[in-house]
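Hello,

Here is the structure I promised to pass on to you. Please open it first, and then read my notes below alongside it.

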Amino acid sequence: MTIKKAVLRSFDSSSYTAVVQLSGSDKSYLEGITVARNIPSGEMLAGRRAAVLFFDENNAGDAVVVAVYA
């Protein structure tokens, strides 16, 4: 299990998923990342920093946004 810093690029409130850009990754985005339901949708603003938990680093589909900040 690994937690990585990211920047939130967009959020889909209907599926509660996000597009994030991992820190240090200039051009690649991860799409369809599940967002923890304890984060209010009003907090999911593009450009905010996020913490992404990877249960398996080789499978982005198994990741979840667990926090947004700043």
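**Strands and how they pair**

S1 and S2 run antiparallel to each other and pair over 6 bridges. One contact to look for here is Val7, whose bridge partner in S2 is Gln21. Please keep in mind throughout that this is a predicted model.

The two strands make a hairpin with 4 residues between them, and Tyr16 in the turn has a positive phi of about 55°. Tyr16 is also buried, with a relative accessibility of 9%. Its ring takes part in the 1 aromatic pair that a search of the whole structure finds. The partner is Phe11: the ring centres are 5.0 Å apart and the planes stand at 85°, so this is an edge-to-face pair.

On its other side, S2 meets S3, and these two are antiparallel as well, with 3 bridges. Across this pairing, Val20 sits opposite Leu30 of S3, and Thr17 sits opposite Thr34 of S3. As a general point, strands of a sheet pair through backbone hydrogen bonds, in either a parallel or an antiparallel way.

S3 and S5 break the pattern set so far: they pair in the parallel sense, over 2 bridges. To find the place, go to Val35, which has Val65 in S5 as its bridge partner.

So what do the strands build together? The 5 strands close into a barrel in the order S1-S2-S3-S5-S4, with mixed pairing. Within this sheet, neighbouring strands are turned against each other by 55° on average, ignoring direction.

**A covered strand and a glycine beside it**

How many of the 6 residues in S2 are buried? The count is 6 of 6, so to speak a mostly covered strand. In a regular strand, side chains alternate between the two faces of the sheet. S2 can be read in that way: Thr17, Val19 and Gln21 point one way, Ala18, Val20 and Leu22 point the other way, and all are buried.

Gly32, in strand S3, is a useful place to look next. Gly32 is partly exposed, at a relative accessible area of 47%. Leaving out residues up to four places away in sequence, Gly32 touches Thr17 and Ala18. The C-alpha atoms of Gly32 and Ala18 are 5.5 Å apart, although the two residues are 14 apart along the chain.

**The nonpolar core**

The largest nonpolar core contains 19 residues, and the ones with the most contacts inside it are Ala18, Val20, Val35, Ile39, Met44, Val52 and Val65. S1, S2 (17–22), S3 (30–35), S4 and S5 are the elements that give it two or more residues.

Val52 is a good one to click on. Apart from neighbours within four places in sequence, Val52 is in contact with Thr2, Ile3, Lys4, Ala6, Val20, Ile33, Ala63, Val64 and Val65. Two of these partners, Val20 and Val65, are themselves among the core residues with the most contacts.

**Charged pairs**

Side chains of opposite charge can pair when their charged atoms come close. How many salt bridges does the model hold? The count comes to 2.

One joins Lys4 and Glu57, with the closest N and O atoms 3.3 Å apart. Lys4 belongs to strand S1 (residues 2–12), while Glu57 is in the loop between strand S4 (49–54) and strand S5 (63–69), so the pair ties together parts 53 residues apart in sequence. Both ends are partly exposed: Lys4 has a relative accessible area of 29%, and Glu57 has a relative accessibility of 48%.

The other joins Glu43 and Arg48, where the closest N and O atoms are 2.7 Å apart. Here the two ends fall into separate classes. Glu43 is partly exposed, at 36% relative accessible area, whereas Arg48 counts as buried at 16%, because buried means under 20%.

If you want a short route through the model, I would begin with the S1 and S2 hairpin, move on to the barrel and Val52, and end with the salt bridge between Lys4 and Glu57.

Best wishes

Definitions and conventions:
Residues numbered from 1 in each chain as written. Predicted model: local features only at pLDDT ≥ 70, side-chain atom pairs only at ≥ 80, totals over all residues. Heavy atoms only, no water. Salt bridge = Lys/Arg side-chain N within 4 Å of Asp/Glu carboxyl O. Buried < 20%, exposed > 50% of the residue type's maximum accessible area, 1.4 Å probe, protein only. Core = buried A, V, L, I, M, F, W, Y, C linked by side-chain atoms within 4.5 Å. Contact = heavy atoms within 4.5 Å. Pairing = 2+ DSSP bridges. Axes fitted to C-alpha atoms, helices over the stretch in contact; angles between N-to-C directions. Phe/Tyr/Trp six-rings, centres within 6.5 Å; stacked < 30°, edge-to-face > 60°.
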